[in-house]
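User: Can you walk me through the charged pairs in this one? Keep it quick.
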Amino acid sequence: MLELRPNCEYCDKDLPPQASDARICSYECTFCADCVDQFLFNVCPNCGGGFAPRPIRPVTEWRPGVCRERQPASTQRVSLKWDRPEVAEFVQRVRQIKPEDR
């Protein structure tokens, strides 16, 4: 089950569970769409993978036990392990390679 992390790891913008601008990589690194488009260029600075829109967990319990209330989002904020110059250098090196070829 996805953690639904509460913030962008790059700019620390709040990304609540219903945020339509949240993006995740296959390791669930979480960033806002603005950072993915303007600074990361679809390169996860942690793993080198690409991003996809983060699914939105339903508020309504359509099936027993399956909803945001029963399976809440994470409240633990996550920050990048790399400084911005390191991220920029890494992204520049990797961004010309398609995500499926990285």
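Analyst: Here is a short run through the salt bridges. Note that the model is predicted.

User: How many salt bridges does the structure hold?
Analyst: Seven.

User: Start with Asp12. Which residue does Asp12 form a salt bridge with?
Analyst: Arg77. The closest N and O atoms are 3.1 Å apart. The two residues sit 65 apart in the chain. Asp12 is in the segment before strand S1 (22-24). Arg77 is in the loop between strand S3 (52-53) and helix H2 (84-94).

User: And Asp14, how far apart are the closest N and O atoms in its salt bridge with Arg77?
Analyst: 2.9 Å. Asp14 lies in the segment before S1 and Arg77 in the loop between S3 and H2, so this pair ties together parts 63 residues apart in sequence.

User: Is Arg77 buried or exposed?
Analyst: Neither label fits. Arg77 is partly exposed, because its relative accessible area is 39% and that class runs between the 20% and 50% cut-offs. Asp12 is partly exposed as well, at 40%.

User: Switching to helix H2. Where do Glu89 and Arg93 lie?
Analyst: Both are in H2, four residues apart, or about one turn of the helix. Their side chains meet in a salt bridge, 3.1 Å from N to O.

User: What is the accessibility of each partner?
Analyst: Glu89 is partly exposed at 44%. Arg93 is exposed at 54%, since the exposed class starts over 50%.

User: Which residues are linked in a network of salt bridges?
Analyst: Glu3, Arg5 and Glu9.

Methods:
Residues are numbered from 1 along each chain as its sequence is written. This is a predicted model: local features need pLDDT of at least 70, side-chain atom pairs count only at pLDDT 80 or more; totals for chains, interfaces and linings use all residues. Side-chain values use heavy atoms; hydrogens and water are left out. A salt bridge is a side-chain nitrogen of Lys or Arg within 4 Å of a carboxyl oxygen of Asp or Glu. Buried means under 20% relative accessible area, exposed over 50%, partly exposed in between (1.4 Å probe, protein chains only).
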